[in-house]
Amino acid sequence: MSRHQPLQAQIDELKRVLGDCEVVQDPNPFEDASDIIERFKGGGYDEIVIVAPLSVIAKLTEAGVRPLWAEMETIDEKDFNEYDSVKVGGRVYRFKEFKRIRRVQLEFEPL
């Protein structure tokens, strides 16, 4: 669930971890967490990789969905390659690994 095409390194890692699988991208904007849940369940998917605000991800986990998160690291532009890297907003990021999100917890304190 992302407007960005998955990197080949991400597809390869999903296939390594999950076995023979089909990766389907849904680049369409979503309304809210319930819209994502409806598409996920309606599509009959086993897993979902999410790129969304933390508030949306929190609602997903509260509803029992445990999405995958693509952990990325900032790298120098000279180290960019199309296999595992992406340029976004003047920065370059390299895919590191997938992690499963179990919950989102925000802790606040008064000003």
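Which residue stands opposite V88 in β3? It's R91, and the views below start from that spot. This is a predicted model, where local features need pLDDT of at least 70, side-chain atom pairs count only at pLDDT 80 or more, and totals for chains, interfaces and linings use all residues. Residues are numbered from 1 along each chain as its sequence is written, and side-chain values use heavy atoms, with hydrogens and water left out.

**View 1. The β2-β3 hairpin.** Strand β2 (residues 85-88) and strand β3 (residues 91-100) run antiparallel and are joined by four bridges. Strands here are DSSP runs of E with at least two residues, helices are runs of H or I with at least four, and both are numbered from the N terminus. Two strands count as paired if DSSP finds at least two bridges between them. Besides V88 with R91, look for V86, which sits opposite Y93 in β3. Two residues lie between the strands of this hairpin, and G89 in the turn has a positive phi of about 55°.

**View 2. The sheet of three strands.** Zoom out from the hairpin and you get an open sheet ordered β1-β3-β2, with antiparallel pairing. β1 and β2 are the edge strands with a single partner strand each, so one side of each has no neighbour in the sheet. On average, neighbouring strands are turned by 45° against each other, direction ignored. Axes are lines fitted to C-alpha atoms (for helices, over the stretch in contact), and angles run from 0 to 180 degrees between N-to-C directions.

**View 3. Helix α1 on the sheet.** α1 packs on the sheet and touches β1 and β3, and its direction makes about 10° with that of β3. In this helix (residues 8-18), A9, Q10, I11, E13 and L14 are buried, meaning under 20% relative accessible area with a 1.4 Å probe, protein chains only (over 50% is exposed, in between is partly exposed). Those buried residues pack against β1 (68-75) and β3. Just past the helix, G19 takes a positive phi of about 90°.

**View 4. Where α2 meets α3.** The axes of α2 (residues 33-42) and α3 (residues 54-62) come within 9 Å and cross at roughly 55°. The two helices are therefore oblique to each other (under 35 degrees is roughly parallel, over 145 roughly antiparallel, 65 to 115 roughly perpendicular, and the rest oblique). A33, I36 and I37 of α2 make the contact with V56, K59 and L60 of α3, contact being heavy atoms within 4.5 Å.
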